[in-house]
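User: Hey, could you walk me through this one? I'd like to start with the overall layout and then get into the aromatics.

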Amino acid sequence: MDIETFRTYCLSKKGVTEEFPFDKNTLVFKVMGKMFALTGLERIPFSVNLKCDPDRSVELREYHSEITPGYHMNKKHWNTVNFSESLATTMLLELIDHSYDLVVRSLTKKVKKELEDL
């Protein structure tokens with residue numbers, strides 16, 4: 001999956017915005033103001049930091065060399081996923097969905113309602 005496909009997929013999700021809160025090279029995707037994915041535009045190979053359930057993070061890292069502890073992130077809750085290696089597109093999409101869903105679940109009832117109403 002290339003960066004444009006990744007970007008398009010993230011922006012297709014409800015309540016998602018993109019921004020550059022850290023610097024001009026770190027693209028961040030947020031759902032209702034909460035970060036669920038980020039990537040360095042200059043990083044080669046193309047990789048993405050995605051939020052992940054802590055137990056699942058460990059399992060994914062054990063079975064997939066393309067998935068490592070989150071670069072510059074809380075390594076318990078974030079993975080860095082190499083998108084330019086051999087992981088299937090369906091798995092990459094599922095990892096994005098998992099990250100998005102984790103963040104949505106953590107939103108307050110009020111913000112969840114706002115998201116539903118979009």
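**Helix, sheet and rings**

Analyst: Helix α3 lies across β1, β2, β3, β4, β5 and β6, and runs at about 40 degrees to β4. Keep in mind that this is a predicted model.

User: Ok, what order do the strands come in within the sheet?

Analyst: The order is β1-β2-β3-β4-β6-β5, an open sheet of 6 strands with antiparallel pairing. The edge strands are β1 (16-19) and β5 (67-69), each of which pairs on one side only. From one strand to the next, the twist averages 25 degrees.

User: Let's look at β3. How many of its residues are buried?

Analyst: In β3, 5 of the 7 residues are buried, so the strand is mostly covered, given that buried means under 20% relative accessible area.

User: And how many bridges does β3 make with β2?

Analyst: β2 (residues 26-31) and β3 pair in the antiparallel sense over 6 bridges. Thr 26 has Gly 40 in β3 as its bridge partner, and Val 28 stands opposite Leu 38 in β3.

User: What's going on at the turn of that hairpin, the one formed by β2 and β3?

Analyst: There are 2 residues between the strands, and Met 32 in that hairpin takes a positive phi near 50 degrees.

User: How many bridges are there on the β4 side of β3?

Analyst: β3 and β4 (residues 47-51) pair over 2 bridges, again in the antiparallel sense. One facing pair there is Ala 37 and Leu 50, the latter in β4. β3 and β4 also form a hairpin, with 6 residues between them.

User: Switching to aromatics. How many aromatic pairs are there?

Analyst: The structure holds 5 aromatic pairs. Among them is Phe 6 with Phe 83, which is edge-to-face: 5.6 Å centre to centre, with 80 degrees between the planes.

User: Where do Phe 6 and Phe 83 sit along the chain?

Analyst: Phe 6 is in helix α1 (residues 3-11), while Phe 83 is in the loop between β6 (78-82) and α3 (89-106). They are 77 residues apart, and the pair links distant parts of the chain.

User: Are Phe 6 and Phe 83 buried or exposed?

Analyst: Both Phe 6 and Phe 83 are buried.

User: Got another pair for me?

Analyst: Sure. Phe 36 and Tyr 100 are edge-to-face too, at 5.5 Å centre to centre and 85 degrees between the planes. This pair also links distant parts of the chain: Phe 36 is in strand β3 (residues 34-40) and Tyr 100 is in helix α3, 64 residues apart.

User: Why do Phe 36 and Tyr 100 count as buried?

Analyst: Phe 36 counts as buried because its relative accessible area is 0%. Tyr 100 counts as buried because its value is 8%. The cut-off for buried is under 20%.

User: Which residues are linked into a cluster by ring pairs?

Analyst: Phe 6, Phe 29, Phe 46 and Phe 83 are linked that way.

User: Last thing: which charged side chains lie over the faces of Tyr 100 and Tyr 71?

Analyst: Lys 13 lies over the face of Tyr 100, at 4.7 Å from the ring centre. For Tyr 71, Arg 43 lies over the face, at 4.4 Å from the ring centre.

Key
Residues are numbered from 1 along each chain as its sequence is written. This is a predicted model: local features need pLDDT of at least 70, side-chain atom pairs count only at pLDDT 80 or more; totals for chains, interfaces and linings use all residues. Side-chain values use heavy atoms; hydrogens and water are left out. Rings of Phe, Tyr and Trp (its six-membered ring) pair if their centres lie within 6.5 Å; planes under 30 degrees apart count as stacked, over 60 as edge-to-face and the rest as tilted. Helices (H or I, at least four residues) and strands (E, at least two) are DSSP runs, numbered from the N terminus. Buried means under 20% relative accessible area, exposed over 50%, partly exposed in between (1.4 Å probe, protein chains only). A charge sits over a ring if NZ of Lys or CZ of Arg is within 6 Å of the ring centre and within 35 degrees of the ring normal. Two strands pair if DSSP finds at least two bridges between them. Axes are lines fitted to C-alpha atoms, for helices over the stretch in contact, and angles run from 0 to 180 degrees between N-to-C directions. Contact means heavy atoms within 4.5 Å.
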